[in-house]
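Please open the model in your viewer and keep the sequence panel beside it. The stops below are arranged as a series of selections, each followed by what can be found there.

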Amino acid sequence: MGAGGRGKGGRGKGPAGPKAAPIARPSWDYEAKIKSRPYGDQDEKERRELERQRLAEERMRARAEERPVELGKDNEAWQGHM
């Protein structure tokens, strides 16, 4: 008789390896919380995008003028490798 439905553990043992984590269910107010998050606000997204574009243009001008370009935290990591 084969192992029919039993795992690699052999007779009377469960399947080999750890069990998968149970699937978490969202809380009762999940939808309301998602809708109330500030980053879901379209005005905020537009403001961030305009700021990103402005900073990118500043970097491009600085590169064209051969000035040092401020990259924020990325710059610190880059300077550490030089």
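Is Glu51 exposed, partly exposed or buried, and what is its relative accessible area? Select Glu51 in this predicted model: the residue is partly exposed, with a relative accessible area of 33%. Its place is in helix H2, and that helix will occupy much of the tour.

**The whole chain**

Before going further, zoom out and colour the protein by secondary structure, which comes to three helices and zero strands, so that the pattern read along the sequence is α-α-α. Buried residues make up 5% of the 82 residues in the protein, and the protein exposes about 8200 Å², of which carbon and sulfur atoms supply 55%.

Now switch the colouring to pLDDT. The mean for the protein is 76, and 68% of its residues reach 70 or more. Among the elements, H2 has the highest mean pLDDT, at 88, whereas H3 has the lowest, at 68. Where pLDDT is low, the predicted coordinates should not be read in detail.

**Along helix H2**

Select residues 42-64, which form helix H2. This helix has 23 residues and reaches 33 Å from its first C-alpha to its last, close to the 33 Å expected at 1.5 Å a residue.

Show the side chains next, and look for charged pairs, bearing in mind that side chains of opposite charge can pair when their charged atoms come close. The structure holds seven salt bridges, and the next stops visit some of them.

**Glu51 and Arg54**

Return to Glu51 and add Arg54 to the selection. These two residues form a salt bridge in which the closest N and O atoms are 2.7 Å apart, and their side chains also make a polar contact, again at 2.7 Å. Both residues lie in helix H2, three residues apart, which is about one turn of the helix. An α-helix has 3.6 residues a turn, so residues three or four places apart point the same way. Like its partner, Arg54 counts as partly exposed, here at 36% relative accessibility.

**Glu44, Arg47 and Arg48**

Move the selection to Glu44, Arg47 and Arg48, which salt bridges that share partners join into one network. Within this group, Arg47 forms a salt bridge with Glu44, and the closest N and O atoms of that pair are 2.8 Å apart. Because Arg47 and Glu44 are three residues apart in helix H2, they are separated by about one helical turn. Arg47 is partly exposed at 48% relative accessibility, and Glu44 is partly exposed at 23%; the cut-off for a buried residue is under 20% relative accessible area, so Glu44 with its 23% does not count as buried.

**Glu49 and Arg52**

Which residue does the side chain of Glu49 meet in a salt bridge? Select Arg52 together with Glu49, since the side chains of these two residues meet there, with an N to O distance of 3.1 Å. Once more the partners are three residues apart in helix H2, and therefore separated by about one helical turn. Glu49 counts as partly exposed at 35% relative accessibility, and Arg52 likewise counts as partly exposed, at 47%.

**Leaving the helix: Glu66**

For the last stop, follow the chain past H2 and select Glu66, which is found in the loop between H2 and helix H3 (73-80). What is unusual to check here is the backbone: Glu66 has a positive phi of about 55° although it is not a glycine. Glu66 is exposed, with a relative accessible area of 74%, whereas Glu51, where the tour began, is partly exposed at 33%. If you continue from this loop into H3, keep the confidence colouring switched on, for H3 is the element with the lowest mean pLDDT (68).

Notes: Residues numbered from 1 in each chain as written. Predicted model: local features only at pLDDT ≥ 70, side-chain atom pairs only at ≥ 80, totals over all residues. Heavy atoms only, no water. Salt bridge = Lys/Arg side-chain N within 4 Å of Asp/Glu carboxyl O. Helix = DSSP H or I, 4+ residues; strand = E, 2+ residues; numbered from the N terminus. Buried < 20%, exposed > 50% of the residue type's maximum accessible area, 1.4 Å probe, protein only. Expected span 1.5 Å × (residues − 1). Areas by Shrake-Rupley, 256 points an atom, 1.4 Å probe, with all protein chains shown as cover. pLDDT = per-residue confidence, 0-100. Polar contact = N/O pair within 3.5 Å; in protein donor to acceptor, adjacent residues only side chain to side chain.
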